[in-house]
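Let's take a friendly walk through the charged side chains of this model and see how they pair up. Have the structure open as you read.

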Amino acid sequence: TYEQVVPIMDNIARLDTDPEIETAKTEKNLILVGGPAVNRLTAQALGLSYPTYGEASTIPENAAVIKLVNDAFTTGKVALIVAGWEAENTQAACSVLQKYDYDEYAPKLTGTAVKVTGTTNPTLAPLAEGNQTE
């Protein structure tokens with residue numbers, strides 16, 4: 001087995017208000033950080049109005065979600081949403097992806113959505129598709 005790390009040299013981060021994002025939405029798979037209260041693209045990908053707060057946001061209270069949305073902005077492209085009830089919940093979900101531990105997280109990262117609880121030592125649980133605010 002051979003692994004090679006290839007650094008990303010382009011600035012790939014964009015704000016949801018960046019004019020270039022309209023093109024990116026239809027040409028690229030996206031990672032959207034922040035819930036529908038603070039990120040216009042997250043709201044759009046979830047089919048919500050911007051801004052959407054509280055229970056209507058589909059983000060579980062005092063937790064976060066990592067959710068894959070197929071065909072989010074165009075057919076064949078996905079959006080991976082990383083969003084929390086509060087900023088610290090979003091940070092915890094981001095750390096799950098950043099510090100991904102295969103043995104710990106792989107068995108729980110199944111389906112299209114998981115709930116992330118805890119901010120110091122995040123834990124994952126399935127998030128039912130029909131009940132996003134469980």
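The paragraphs below follow the salt bridges and the exposure of their partners.

Keep in mind that this is a predicted model. A search over the whole structure turns up four salt bridges, and we will visit some of them here.

Start at R14. Which residues are linked with R14 in a network of salt bridges? The partners are D18 and E20, so that these three side chains belong to one network, given that a salt bridge here needs a nitrogen of Lys or Arg within 4 Å of a carboxyl oxygen of Asp or Glu. On one side, R14 meets D18 with an N to O distance of 3.9 Å. On the other, R14 pairs with E20, where the closest N and O atoms lie 3.2 Å apart.

How exposed is this trio to its surroundings? R14 has a relative accessibility of 37% and is partly exposed. D18 is partly exposed too, at 21%, just as E20 is partly exposed, with a relative accessible area of 49%. For D18, it helps to know that buried means under 20%.

Now move along to helix α1, which spans residues 21-27. Here E22 forms a salt bridge with K25, and their closest N and O atoms are 3.2 Å apart. Where do the two sit relative to each other along the helix? They are three residues apart, so about one helical turn separates E22 from K25.

Is K25 buried or exposed? K25 counts as buried, at 8% relative accessibility, whereas its partner E22 is partly exposed at 47%.

How values were computed
Residues numbered from 1 in each chain as written. Predicted model: local features only at pLDDT ≥ 70, side-chain atom pairs only at ≥ 80, totals over all residues. Heavy atoms only, no water. Buried < 20%, exposed > 50% of the residue type's maximum accessible area, 1.4 Å probe, protein only. Helix = DSSP H or I, 4+ residues; strand = E, 2+ residues; numbered from the N terminus.
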